[in-house]
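This report follows the packing of one protein chain, from a single helix residue outward to the cores, rings and strands. Please keep the sequence and the model in view while reading.

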Amino acid sequence: MQFLNVDIRKMELADLPAVLEIENLCFVAPWSKQDIINELGNQYANFWVIELSAEGVDKQVVGFSDYWQTFDSATICQIAVHPGIRRHQLGSALMDEIINDCYAKRVQNITLEVRKSNQIAINFYKKHGFTESLVKEKYYSNGEDAIYMMRGVDING
């Protein structure tokens with residue numbers, strides 16, 4: 001029996017090819033290579049990758065998350081898992097890591113925008129305690145509306 005190891009860590013420049021592949025597979029308007037490089041230099045960004053490994057097999061980046069923290073609030077910019085390995089709780093592991101990190105940093109609210117048409121993502125966020133707050137009309141470059149979602153982080157226990 002082979003054991004699978006899952007690790008979440010800060011993204012490094014060496015992870016860029018894998019992150020770009022996942023980016024292009026997962027998003028309607030993917031970020032460019034330069035966008036991601038810029039994000040790595042952003043002092044407010046928390047850009048992480050999730051990687052899998054097994055005995056005798058090299059580690060492989062299969063997803064990532066990026067959120068910004070400013071003072072006592074955070075905004076999730078992106079969270080993605082390679083389409084070929086979804087439905088194995090890896091997205092939930094990334095979300096739990098974000099929430100736990102926000103808790104440790106005494107963040108009180110986490111927000112995000114999601115395409116109104118992306119019901120799978122909306123359901124994922126609701127599963128993790130986010131609620132729909134308002135609609136941002138024509139938010140995306142193609143004119144699609146965004147759902148603004150938020151959740152609190154209970155820092156008092």
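Asp101 is found in helix α3, which spans residues 90-104, and in this predicted model Asp101 is buried, with a relative accessible area of 17%. The cut-off for calling a residue buried is under 20% relative accessible area, so the value of 17% places Asp101 in that class. Leaving aside neighbours within four places in sequence, Asp101 is in contact with Asn46, Trp48 and Tyr67. Two of these partners can be placed in strand β2, where Asn46 and Trp48 point the same way and are buried.

The largest nonpolar core has 26 residues, and those with the most contacts inside it are Ile76, Cys102, Ile110, Val114, Tyr125, Phe130 and Met149. At least two residues of this core are supplied by each of β2 (45-54), β3 (57-70), β4 (73-81), α3, β5 (109-115), α4 (119-127) and β7 (146-152). Helix α3 gives the largest share, six residues. Another core lies apart from this one; it has eleven residues, among them Ile36, Phe47, Val61 and Ala80.

Which residues does Tyr125 touch, not counting those up to four places away in sequence? The answer is Ile79, Met95, Leu112, Val114, Phe130 and Met149. Tyr125 is itself buried, with a relative accessible area of 9%, and Phe130 is buried as well, at a relative accessible area of 2%.

The structure holds five aromatic pairs, and two that involve Tyr125 are set out here.

| Pair | Centre to centre | Angle between planes | Arrangement |
|---|---|---|---|
| Phe124 and Tyr125 | 5.5 Å | 70 degrees | edge-to-face |
| Tyr125 and Phe130 | 5.8 Å | 65 degrees | edge-to-face |

Planes over 60 degrees apart count as edge-to-face, and because the planes of Tyr125 and Phe130 stand at 65 degrees, that pair is assigned to this class. Through ring pairs, Phe124, Tyr125 and Phe130 are linked into a cluster. A ring contact of another kind involves Arg115, which lies over the face of Tyr140 at 4.0 Å from the ring centre.

Strand β2 is mostly covered, since ten of its ten residues are buried. In a regular strand the side chains alternate between the two faces of the sheet. In β2, Ala45, Phe47, Val49, Glu51 and Ser53 point one way, whereas Asn46, Trp48, Ile50, Leu52 and Ala54 point the other way, and all of them are buried. Strand β1 (residues 4-10) pairs with β2 in the antiparallel sense over seven bridges, and within this region Ile8 has Ile50 of β2 as its bridge partner. Strands β2 and β3 also run antiparallel and are joined by nine bridges, with Val49 standing opposite Phe64 in β3.

Helix α1 (residues 16-26) has Leu16, Val19, Leu20, Ile22 and Glu23 as its buried residues. Why can these be said to line one face of the helix? Seen down the axis of α1, the buried residues fall within an arc of 165 degrees, and they therefore line one face. An α-helix has 3.6 residues a turn, so residues three or four places apart point the same way. The buried residues of α1 pack against α2 (33-40), β2, β3 and β4.

Terms used. Residues are numbered from 1 along each chain as its sequence is written. This is a predicted model: local features need pLDDT of at least 70, side-chain atom pairs count only at pLDDT 80 or more; totals for chains, interfaces and linings use all residues. Side-chain values use heavy atoms; hydrogens and water are left out. Helices (H or I, at least four residues) and strands (E, at least two) are DSSP runs, numbered from the N terminus. Buried means under 20% relative accessible area, exposed over 50%, partly exposed in between (1.4 Å probe, protein chains only). Contact means heavy atoms within 4.5 Å. A nonpolar core is a set of buried Ala, Val, Leu, Ile, Met, Phe, Trp, Tyr and Cys residues joined through side-chain atoms within 4.5 Å. Rings of Phe, Tyr and Trp (its six-membered ring) pair if their centres lie within 6.5 Å; planes under 30 degrees apart count as stacked, over 60 as edge-to-face and the rest as tilted. A charge sits over a ring if NZ of Lys or CZ of Arg is within 6 Å of the ring centre and within 35 degrees of the ring normal. Two strands pair if DSSP finds at least two bridges between them. The arc is that of the directions from the helix axis to the C-beta atoms.
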